[in-house]
Amino acid sequence: MVKATINKEHYACSVTNGSHDIIVDEPLELGGTHKGFAPKGLLMASLASCVAITLRMYADRKQWPIDKIEVEVNIDTENGETIFFEEIVCTGILTEEQKIRLEEIAAKCPVSKILASGHEIRSKVL
């Protein structure tokens with residue numbers, strides 16, 4: 001469960017999962033107060049961090065010599081379709097086969113799976 005609350009301040013929104021709190025906002029040029037990630041940026045952050053964590057778990061399990069994993073995510077639209085672009089940099093010595101395997105594993109992180117599949121959103125105003 002995640003709960004978002006917004007009052008009258010444009011557009012700072014407090015978000016909690018009961019244990020951790022963050023601020024989500026819009027940039028100044030969109031009328032926000034720029035106190036936190038914009039919603040789309042937070043979505044990209046969710047994908048980037050999920051990929052990084054998944055790759056770290058996999059590399060550790062395989063005992064591959066990777067010191068650092070950086071995942072940069074950008075989003076764009078092509079032919080009316082939303083595309084997420086991931087650029088993954090692994091600091092360490094990897095073979096081409098290992099790099100290909102890491103690309104496959106990146107697509108298997110939970111957030112990647114959610115974004116890649118069709119899903120339904122059901123809203124109810126109380």
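This is a short walk through one predicted model, starting with its helix α1 and ending with a few unusual backbone spots.

Okay, hi everyone. Please keep in mind that the structure up there is a predicted model.

Let's start with helix α1, which runs over residues 39–62. It has 24 residues, and from its first C-alpha to its last it reaches 35 Å. At 1.5 Å a residue you'd expect 34 Å, so the helix comes out close to that.

Now, which residues of α1 are buried? Quite a list: G41, M44, L47, A48, C50, V51, A52, T54, L55, Y58 and A59. If you look at those numbers, it helps to remember a bit of helix geometry. An α-helix has 3.6 residues a turn, so residues three or four places apart point the same way. And what covers these buried residues? The cover includes two strands, β4 (66–78) and β5 (81–92), plus the helices α2 and α3, with α3 at 110–116.

Let's zoom in on one of those partners, α2, which covers residues 96–106. Two packed helices are described by the angle between their axes and the distance between the axes. For α1 and α2, the angle is about 130° and the axes are 9 Å apart. So what do we call that arrangement, oblique or perpendicular? Angles of 65 to 115 degrees would be roughly perpendicular, and over 145 would be roughly antiparallel. The pair fits neither, and therefore α1 and α2 are oblique to each other. As for handedness, α1 passes α2 in a right-handed crossing.

Who actually meets whom there? From α1 we have V51, T54, L55 and Y58, and from α2 we have R101, L102, I105 and A106. Sort the residues of that contact by type and you get six nonpolar, one polar and one charged. And V51, T54, L55 and Y58 were all in our buried list for α1 a minute ago.

Next, the stretch ahead of α1. C13 sits in strand β2, residues 13–16. Is C13 buried or exposed? Its relative accessibility is 14%, and the cut-off for buried is under 20%, so C13 counts as buried. Leaving out residues up to four places away in sequence, C13 touches A4, T5, I6, I22, I23 and V24. C13 and P39 are 26 residues apart in sequence, yet their C-alphas are 9.9 Å apart in space.

Then there's G31, in the loop between β3 (21–24) and α1. With a relative accessible area of 39%, G31 is partly exposed. It touches H10 and Y11, again skipping residues up to four places away in sequence. From G31 to H10 is 21 residues in sequence, but 6.6 Å in space, C-alpha to C-alpha.

That brings me to the backbone oddities. Most residues other than glycine have a negative phi, and most peptide bonds are trans. Where do we see something else? H10 and Y11 are joined by a cis peptide bond, with omega about -20°. Y11 is in the loop between β1 (3–6) and β2.

For phi, look at Q63, which follows α1. It isn't a glycine, but its phi is positive, about 55°. Q63 is in the loop between α1 and β4, and at 71% relative accessible area it is exposed.

N79 is another one: not a glycine, with a positive phi of about 50°. You'll find N79 in the loop between β4 and β5, and it is exposed too, at 84%.

Okay, that's my tour. Thanks!

Definitions and conventions
Residues numbered from 1 in each chain as written. Predicted model: local features only at pLDDT ≥ 70, side-chain atom pairs only at ≥ 80, totals over all residues. Heavy atoms only, no water. Axes fitted to C-alpha atoms, helices over the stretch in contact; angles between N-to-C directions. Helix = DSSP H or I, 4+ residues; strand = E, 2+ residues; numbered from the N terminus. Parallel < 35°, antiparallel > 145°, perpendicular 65-115°, else oblique. Left-handed = near helix turned anticlockwise from the far one by under 90°. Contact = heavy atoms within 4.5 Å. Nonpolar A, V, L, I, M, F, W, Y, C, P; charged D, E, K, R; others polar. Buried < 20%, exposed > 50% of the residue type's maximum accessible area, 1.4 Å probe, protein only.
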